[in-house]
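Student: Could you take a close look at one residue for me, starting with how much it is surrounded? After that, please carry on into the architecture around the rest of the model, in one go.

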Amino acid sequence: MKEEERKSVKAVHERDLDKLLTSIGIKNDFDAGKILCKFCKKIITKENVYSFIPESGVVNVACDEPKCILEFNFYVAEKKKNEKG
Amino acid sequence: MGDFLLELLKYLIGGGAPTAVILLIVFYCYPDQFQKWIGFFSRAFNYIWKSSEYFSIKNEVEGKLNTFASNLECHAGVPYSKIKIIWTSRNEEEKITLEDWETVIVTRDRRGRNKNFVHAAYFYTSNILLKPAKRFLSKHLQTSLDLFTTKKILELDNPQATEQFFGDYFVPHAGEHEEIFKYIQKFTNIDKLNLFFPILIQELFYLGKKVFLSRPNEQIIGEIKGLINYLEKWSNRPVGSRNVPEEFCGKYMKCSIKIVATAFSRQLNLVDSQARRLSKIFSQGYENIYVMGGAEKESKKFINDVVQKTLKTIPNLEKVRNKEFVVKIIKDGIRTKIQNYFVHIHNPCAVEHIVD
């Protein structure tokens, strides 16, 4: 099997979330309930966090509401498309 | 794949060399299936060994999704990208840097197993598998294609998660937007014959590779809708009906479905005239012809003779795929399963890579 045929996707296990939040510098805001879902503006918690999206130095976060996951996928696809021109 | 083998060997320590050798042989022959089953069995260890959870999530998700991609590739001729999950923040010493748009997906422990799989399947379908095919689709068409394909993955490989997917994603979105519901109905119809959905994705994949000098416009969207209608008509076509057009002739996509091995043609051994029929279509600038017919020995031989003759007549043609599989045709008003034979011929010379 050719390795290049596989696209890498980063994943974090929920038990490693603290480590990730600290590394990307949003742990305090996250714990204080200041991080909101990029799409529905709901407060992000450890129970509803779905994905992190780094964008121009800022890390946006999406919650696991199916509507937001759909929006997230569309958003990422569009942004990548636009970046490539 | 090196990482996977290393992980696997670590996991098998104590299992004995013969077991490892047998497993490695199976792995070599059926990598995706093997990974899927390793993920399944290793779940049992999650209760006693926490670290095995990383191993089982990774291998179950990768194995199942990559098996689906391989099956799709087998039905069509396009190589589909597979997925590789990379854990982040697992080790204390790891230095975490995230590039722009390098998304990180959160996975749950074993209680959220179905959720993990639904999320991963949807992410994979939307962002990896169908990405090249969706370049020119409208937002609702993209969502419909993502939903329908994810549903197929789950039904095939994780029926337990299907219910969750239907409740969370499929029903709310298909019900919320009439257009999404309409497309899903069409995809369901196209998929009824068990052949044309991979053809649809493949045609969209070819389209996605083209470069447009001007910004893609409504005409492309209209053409994609036309292709969907064309395949839907074919899928709903009763055996013997001549009311469905054989060609789909758009500005950006040109393909044709041909049934060459009718009883009449076979009895009179009309190989030359059927080959001329295919050659004529290719000479008109068509990019793909999908040849279909019964899979019985005589019919299959006839189809192969016609295809060979066509390939000899036009040297640049490419036989992408030939395959036998079960289709559900409409005969006397009832969907009936039969063994079918299918050959996809591609004409690379007809492809306009840069479109004005």
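Tutor: B:Cys29 counts as exposed, because 9 C-beta neighbours lie inside 10 Å and the class takes in residues with 12 or fewer. Keep in mind as we go that this is a predicted model. B:Cys29 belongs to helix α2 of chain B, which covers residues 17-29. For a sense of scale, take B:Glu287, which is 258 residues away from B:Cys29 along the chain: the two C-alpha atoms are 34 Å apart. The whole C-alpha trace of chain B spans about 70 × 50 × 40 Å along its principal axes.

What sort of chain is B:Cys29 part of? Chain B has 13 helices and nine strands. Of its 356 residues, 41% are buried, a class that B:Cys29, as an exposed residue, does not share. Long-range contacts are plentiful in the count: taking contacts in chain B between residues at least 6 apart in sequence, 70% link residues at least 24 apart.

For a contrast with B:Cys29, turn to the core. The largest nonpolar core holds 108 residues, and B:Leu200 and B:Val291 touch the most other members. Domain 1 (2-85 + 109-182) and domain 2 (237-355) of chain B each contribute at least three residues to this core. As general background, nonpolar side chains in soluble globular proteins tend to be buried together. Leaving aside residues up to four places away in sequence, B:Val291 touches B:Lys258, B:Val260, B:Ile303, B:Val307, B:Phe342, B:Val343 and B:Ile345.

One of those contacts, B:Val343, is also a strand partner: B:Val291 stands opposite B:Val343 in β8(B). The strands concerned are β6 (residues 288-294) and β8 of chain B, which pair in the antiparallel sense over seven bridges. They sit within an open sheet of five strands in chain B, with the order β4-β5-β6-β8-β7 and mixed pairing. At the edges are β4 (247-249) and β7 (318-331); each has a single partner strand, so one side of each has no neighbour in the sheet. On average, neighbouring strands here are turned by 20° against each other, direction ignored.

The partner of edge strand β7(B) is β8(B) (residues 334-346), joined to β7(B) in antiparallel fashion by 13 bridges. You can follow the register through two pairs: B:Glu318 faces B:His346, and B:Glu324 faces B:Tyr341. The two strands make a hairpin with two residues between them, where B:Asp332 has a positive phi near 55°.

A second open sheet of five strands is shared by the two chains. Its order is β3(A)-β2(A)-β2(B)-β1(A)-β1(B), and the pairing is again mixed. Here β3 of chain A and β1 (82-87) of chain B are the edge strands, each pairing on one side only. The average turn between neighbouring strands is 30°, direction ignored.

Let's walk across this sheet from the chain A edge. β2(A) (residues 49-55) and β3(A) (residues 58-63) are antiparallel and joined by six bridges, with A:Pro54 opposite A:Val59. They too form a hairpin with two residues between the strands, and A:Ser56 in the turn has a positive phi of about 45°. Next, β2(A) pairs with β2(B) (residues 104-107) in the antiparallel sense over two bridges, A:Ser51 having B:Ile105 as its bridge partner. On the other side, β2(B) runs parallel to β1(A), with four bridges between them; one partnership is A:Val12 with B:Val106. Helix α5 of chain B (residues 113-129) packs on the sheet, touching β1 and β2 of both chains, and its direction makes about 160° with that of β2(B).

The contact between the chains as a whole takes 36 residues from chain A and 44 from chain B. On the chain A side, β1 (6-13), α1 (17-23), β2 and α3 (66-84) each supply at least two residues. α3(A) gives the most, with 10 residues. By type, the chain A side divides into 18 nonpolar, six polar and 12 charged residues.

Conventions. Residues numbered from 1 in each chain as written. Chains lettered and ligands numbered in written order. Predicted model: local features only at pLDDT ≥ 70, side-chain atom pairs only at ≥ 80, totals over all residues. Pairing = 2+ DSSP bridges. Axes fitted to C-alpha atoms, helices over the stretch in contact; angles between N-to-C directions. Contact = placed C-beta atoms within 7 Å. Nonpolar A, V, L, I, M, F, W, Y, C, P; charged D, E, K, R; others polar. Core = buried A, V, L, I, M, F, W, Y, C linked by C-beta atoms within 7 Å. Buried ≥ 20, exposed ≤ 12 C-beta atoms within 10 Å, placed from the backbone. Domains from an automatic or database assignment.
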